[in-house]
Amino acid sequence: MRGLDAAEDAELLPLKVNCVTMRGTNDDEFVDFARLSLSRRLTVRFIEYMPLGDAVLMHGPGHRADGRGRNGQASHLSSALNPLPAIHASEIGPAGGCGAQDRGDVLVPEAEVRARIENELGPLVPVDRASEAGVGPASVYRLAQGDPKGRIGFISAMSAPFCATCNRLRLTADGVLRSCLFEGGEVPIRELMRSFKDPAQRRRAVAHAMTECVRLKPDAHGAHGNQQMSRIGG
Ligand code: SF4
């Protein structure tokens, strides 16, 4: 709370507090988080938990289960370059994460979070998304009662996937371009970058790899990710 006070005092706005909703971990705190929006100039964003991790055991390291992506196309770059390194046992399952991905009941969908908040604090009314700086994929509301200073947002990738509008690629620390945080097809580019001495050629090769990677984006993600978050980055 002192950190929030300091951020507000220093006018570090807009201020956002992200709350990943997890049954058995913080599902008794949703109303308390929402209540922050009454007295503080911030947006509390409730983010549905996405299970990442263990499916790597079933599908092999670093690739979608079917090895294909959007439009059913396989990446020839992926197959032409070196396979990704194997996943170390310490990165799999509870040893590699919080273990929540191994429990089937962790997800708390937006509808349940909203119901809990509205039962305690009254109705939520929609806010124009364009008025929220850095809104990303969030839908934004405010409490109708209590003259709130802040807002409440929901990012609900599990109950309402927004993959069709996703514009993100990720680059992992070991040089793999990843089409999707959750289960994306991947294009290794480390060796590709090292193989071109000419900067212009290297730029063209990377641009081509990025195009390939975009083609691997899922139309909609599945129920379980295929890499530990620690390998992907945020
Ligand atoms: S494509 Fe992947 S990263 Fe983008 S919204 Fe869907 S699950 Fe998330």
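In this predicted model, the largest nonpolar core (a set of buried Ala, Val, Leu, Ile, Met, Phe, Trp, Tyr and Cys residues joined through side-chain atoms within 4.5 Å) holds 21 residues, of which L42, F46, V113, I117, L124, I152 and F154 touch the most other members. At least two residues of this core come from each of α1 (2–9), β1, α2, β2, α5, β4 and β5, where helices (H or I, at least four residues) and strands (E, at least two) are DSSP runs numbered from the N terminus. The greatest contribution is that of α2, with 4 residues. A second, separate core comprises 8 residues, among them V187, I189, A209 and L216.

Within helix α2 (residues 30–39), the buried residues (under 20% relative accessible area, with exposed over 50% and partly exposed in between, for a 1.4 Å probe and protein chains only) are F30, V31, A34, L36 and S37. Their cover includes β1 (15–21), β2, α5 (110–121), β4 and β5. Beyond residues up to four places away in sequence, V113 touches T21, F30, F46, V108 and F154, contact meaning heavy atoms within 4.5 Å.

Strand β5 (residues 151–155) is mostly covered, with 4 of its 5 residues buried. Pairing, for which DSSP must find at least two bridges between two strands, joins β5 to β2 (residues 42–48) in the parallel sense over 5 bridges, and to β4 (residues 139–143) in the antiparallel sense over 3 bridges. I152 is the bridge partner in β5 of V44 and also of Y141.

Residues are numbered from 1 along each chain as its sequence is written, and side-chain values use heavy atoms, with hydrogens and water left out. Local features need pLDDT of at least 70 and side-chain atom pairs count only at pLDDT 80 or more, whereas totals for chains, interfaces and linings use all residues.
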